[in-house]
Amino acid sequence: FQFYQQMDDMLIILKLILLKMNKILLLGNCAVGKTNILLRFTDNKFNPEYELTMGLNYRVKKVQLSNEIVIPVQIWDTSGEERFKSIAKNFYRGAQGALLIYDVTNEKSFVEVKNWIEQLKENSEKNSVIVLLGNKIDLKSQRKITKEQGEELAAQYQAPFFETSAKENIGLNEAFQCVAEQIYVSLGGKIKESSKKIVITKDDL
């Protein structure tokens, strides 16, 4: 039985690669920390200086699920500026999941999460999974959005919710694991304990 389960897991992982069903978008207003979230999670780096993302950028990272299976994901960082939204629409297509990000010190970024979710629904795969992130929790004295407000918004969309800090590397691994697991389950995978880790080792994924 364990052998067949491992074969099923491998088939799902190959499906993720060959059909490119592993695209995760980072969505949210400018300056909410999308680029630093990407840098911290993929390269363990943080840039304290704000730099506008010009168009799109992406990285590839292997994510270990709670059942120890490891799958590759493409993580796309999109600019939150209005002038780039028409360009970005083409890149929503094929996205299996998204992290919707707001800045806990910026009320406007929180309010506009709903607009980003609507854009995702209009332009991406029908069953794209979403996870909500309240970023920059390290800025405690500047905080305007409470954890409870974030939880209430996530509940409206039945989405998992995490509070994060790219600067202090808080909550990011858990958030990416969560969205990767939801994509994996949507393809028929099962999240449970496994005694053997399955890893895709193709370096250029």
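Asp43 is partly exposed, with 33% relative accessible area. In this predicted model, Asp43 forms a salt bridge with Arg59. The closest N and O atoms of the two residues are 3.3 Å apart. Asp43 belongs to helix H2 and Arg59 to strand E2, so the contact ties together parts separated by 16 residues in sequence. Arg59 is likewise partly exposed, at 25% relative accessibility.

The neighbouring position in sequence, Thr42, also lies in helix H2. Thr42 is buried, and its relative accessible area is 15%. That value falls under the 20% cut-off, so Thr42 is classed as buried. The side chain of Thr42 reaches the backbone oxygen of Leu38 at 2.6 Å. Beyond residues up to four places away in sequence, Thr42 touches Arg59, Lys61 and Ile75. Arg59 thus appears twice: as a contact of Thr42 and as the salt-bridge partner of Asp43.

Ile75 also has a C-alpha separation on record with Val60, at 6.1 Å. The two residues are 15 apart along the chain. Val60 lies in strand E2. Its relative accessible area is 32%, so Val60 is partly exposed.

These elements belong to a wider sheet. The sheet is open and has six strands, in the order E2-E3-E1-E4-E5-E6. Its pairing is mixed. Strand E2 (56–64) and strand E6 (161–163) form the edges, each pairing on one side only. From one strand to the next, the twist averages 25°. Helix H2 (residues 34–43) packs on this sheet. Helix H2 touches strand E1 (23–27), E2, strand E3 (70–78), E4 and E5. The direction of H2 makes about 40° with that of E2. Helix H7 (residues 172–186) packs on the sheet as well. Its contacts are E1, E2, E3, E4, E5 and E6. The direction of H7 makes about 170° with that of E5.

Within the sheet, strand E4 (residues 95–103) pairs with strand E5 (residues 129–135). The sense is parallel, and the pairing runs over seven bridges. Asp103 has Asn135 of E5 as its bridge partner.

Asp103 also takes part in a salt bridge. Its side chain meets that of Lys136 at 3.4 Å, N to O. Lys136 sits in the loop between E5 and helix H6 (147–156), while Asp103 is in strand E4, so the pair ties together parts 33 residues apart in sequence. The two partners differ in burial class. Lys136 is partly exposed at 22% relative accessibility, whereas Asp103 is buried at 5%. The cut-off for burial is 20%, so Lys136 falls in the partly exposed class.

In total, three salt bridges are counted. Another of them joins Arg143 and Glu163, with closest N and O atoms 2.1 Å apart. This pair links distant parts of the chain, 20 residues apart. Arg143 lies in the loop between E5 and H6, and Glu163 lies in strand E6. Strand E6 is an edge strand of the sheet. Arg143 counts as partly exposed, with 30% relative accessibility. Glu163 is buried, at 18%.

Note on methods:
Residues numbered from 1 in each chain as written. Predicted model: local features only at pLDDT ≥ 70, side-chain atom pairs only at ≥ 80, totals over all residues. Heavy atoms only, no water. Pairing = 2+ DSSP bridges. Helix = DSSP H or I, 4+ residues; strand = E, 2+ residues; numbered from the N terminus. Axes fitted to C-alpha atoms, helices over the stretch in contact; angles between N-to-C directions. Contact = heavy atoms within 4.5 Å. Salt bridge = Lys/Arg side-chain N within 4 Å of Asp/Glu carboxyl O. Buried < 20%, exposed > 50% of the residue type's maximum accessible area, 1.4 Å probe, protein only. Polar contact = N/O pair within 3.5 Å; in protein donor to acceptor, adjacent residues only side chain to side chain.
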